[in-house]
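Student: I've got this one open on my screen and I'd like to talk it through with you. Can we go question by question?

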Amino acid sequence: MSAVDPAIRIGVFGAAGRMGQRIVACAADDPAVVLACEVDRADAARVDLSDVDVVIDFAVAEATDALLEMLGPTAAALVSGVTGRTPGQEAAIAARAEVAPVLTAANFSVGVAVLRAVVRHAARALGPGWDAEIFETHHRGKADAPSGTALALGADVAAARGLTWPGDRRVRDGRTGAREADTIGTAALRGGDVAGEHTVFLFGDGERLELTHRASHRDIFARGALRAARWIAGRPAGRYGLEDVIAVEY
Ligand code: NAD
């Protein structure tokens with residue numbers, strides 16, 4: 001942003017939530033943005049988004065219809081970090097990208113963006129003889145499992161290996177029998193206030209790699225979403241990801 005550029009007017013959807021509160025707080029420290037409105041469940045019906053440049057959505061998957069209805073007549077860009085959407089809700093987000101710029105990411109941390117590239121490289125280099133499994137831990141309030149980030153990491157391994165995703169995903173519980181080749185297991189723990197931890201294990205014979213990212217504070221996601229909002233303002237309609245904002249090659 002140059003000295004003459006006006007600040008980007010953002011609206012925060014899900015503003016009262018754990019993430020929404022951090023975005024509001026981090027936006028106050030970001031001179032490139034102005035907080036035009038905060039929306040949460042109670043006031044969602046009464047909000048006018050007509051002069052908002054970018055809506056940052058960290059509400060819940062169930063609020064997707066309400067969000068898109070509210071955005072409907074406006075030209076506002078959408079940056080969404082919400083995870084756990086159904087295929088129907090994903091299709092509705094994709095339809096919005098036909099008429100306005102939309103950027104979604106299951107994880108707005110720069111570290112996870114780089115982890116995803118490293119995981120693709122490692123899975124491709126090590127080849128199918130190395131068994132890939134994904135383990136994640138989050139706070140007790142998280143509503144979906146496995147996390148959107150774990151699913152994205154699984155998709156990265158599958159892409160690197162020529163597997164289908166989520167078709168080759170396995171949840172290991174009960175009498176599973178021996179591990180099937182060309183599958184990727186996911187496992188989740190929930191407890192306390194853990195902001196988010198992900199490990200991709202690549203098990204060889206006699207050695208293994210453990211590629212781990214640990215978030216110790218939600219502000220990393222909030223700052224990433226604000227960076228995405230600064231990047232997307234004024235772009236043409238279309239679907240974007242964090243890899244468009246941060247130069248990471250997958
Ligand atoms: P939260 O439950 O603390 O907050 C969600 C907020 O949405 C609540 O304040 C709730 O009242 C509000 N809400 C619910 N229905 C609404 C509606 N119809 N209209 C407006 N607001 C509504 O959840 P959280 O921990 O802040 O996480 C929110 C989402 O962000 C989850 O999907 C989570 O997985 C995801 N998340 C993504 C990232 C990322 O980097 N992409 C990081 C953390 C969390």
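Student: Which residue places a backbone N or O atom 3.0 Å from an oxygen atom of the ligand?

Tutor: Keep in mind that this is a predicted model. A backbone N or O pair counts as a polar contact when the atoms are within 3.5 Å. The residue that puts a backbone N or O atom 3.0 Å from a ligand oxygen is Gly 17.

Student: What is the distance from the backbone N or O atom of Met 19 to an oxygen atom of the ligand?

Tutor: Met 19 is on the list of residues that come nearest to the ligand, along with Arg 18, Asp 40, Thr 83 and Phe 108. Its contact here also uses a backbone N or O atom, and the distance to the ligand oxygen is 2.8 Å.

Student: Which residue uses a polar side-chain atom to reach an oxygen of the ligand?

Tutor: Here it's a side chain that supplies the atom, and the gap to the ligand oxygen is 2.9 Å. The residue is Lys 142.

Student: And how much of the ligand's accessible area does the protein cover?

Tutor: On its own, the ligand has 860 Å² of accessible area. It sits in the largest pocket. The share covered by the protein is 83%.

Student: How many residues of the shell around the ligand are nonpolar?

Tutor: There are 23 residues around the ligand. Five of the shell residues are polar and five are charged. The nonpolar count is 13.

Student: Moving on to the sheet: which strands stand at the edges?

Tutor: Five strands make an open, mixed sheet, in the order S7-S8-S6-S9-S10. The edge strands each have a single partner, so one side of each is left without a neighbour in the sheet. Those are S7 (169-170) and S10 (208-215).

Student: In S8, which residue is the bridge partner of Arg 169?

Tutor: S7 and S8 (residues 184-190) pair in the parallel sense, over two bridges. The partner of Arg 169 in S8 is Ile 184.

Student: Which residue in the turn of the S9 and S10 hairpin has a positive phi?

Tutor: S9 (residues 196-203) and S10 run antiparallel, joined by eight bridges. One bridge pairs Leu 202 with Leu 209 in S10. The hairpin has four residues between its strands, and the one in the turn with a phi of about 85° is Gly 206.

Student: Which proline is joined by a cis peptide bond to Ala 145?

Tutor: Look in the loop between S6 (131-138) and H5 (148-161). The omega of the bond is about -10°, and the proline is Pro 146.

Student: What is omega for the cis peptide bond that joins Trp 165 and Pro 166?

Tutor: Pro 166 is in the loop between H5 and S7. For its cis bond with Trp 165, omega is about 10°.

How values were computed
Residues are numbered from 1 along each chain as its sequence is written. This is a predicted model: local features need pLDDT of at least 70, side-chain atom pairs count only at pLDDT 80 or more; totals for chains, interfaces and linings use all residues. Side-chain values use heavy atoms; hydrogens and water are left out. A residue is near a molecule or strand if one of its heavy atoms lies within 4 Å of it. A polar contact is a pair of N or O atoms within 3.5 Å; within protein, one must be able to donate a hydrogen and the other to accept it, and residues adjacent in sequence count only if both atoms are side-chain atoms. Accessible areas come from the Shrake-Rupley method with a 1.4 Å probe; for residues, only the protein chains shown count as cover. On a 1 Å grid over the protein atoms alone, a cavity is a set of points where a 1.4 Å probe fits but cannot get out, and a pocket is an open set with protein on both sides within 12 Å along at least five of seven lines; lining residues have an atom within 4 Å of a point. A molecule sits in a cavity or pocket if more than half of its atoms lie within 2 Å of its grid points. Ala, Val, Leu, Ile, Met, Phe, Trp, Tyr, Cys and Pro count as nonpolar, Asp, Glu, Lys and Arg as charged, and the others, Gly among them, as polar. Two strands pair if DSSP finds at least two bridges between them.
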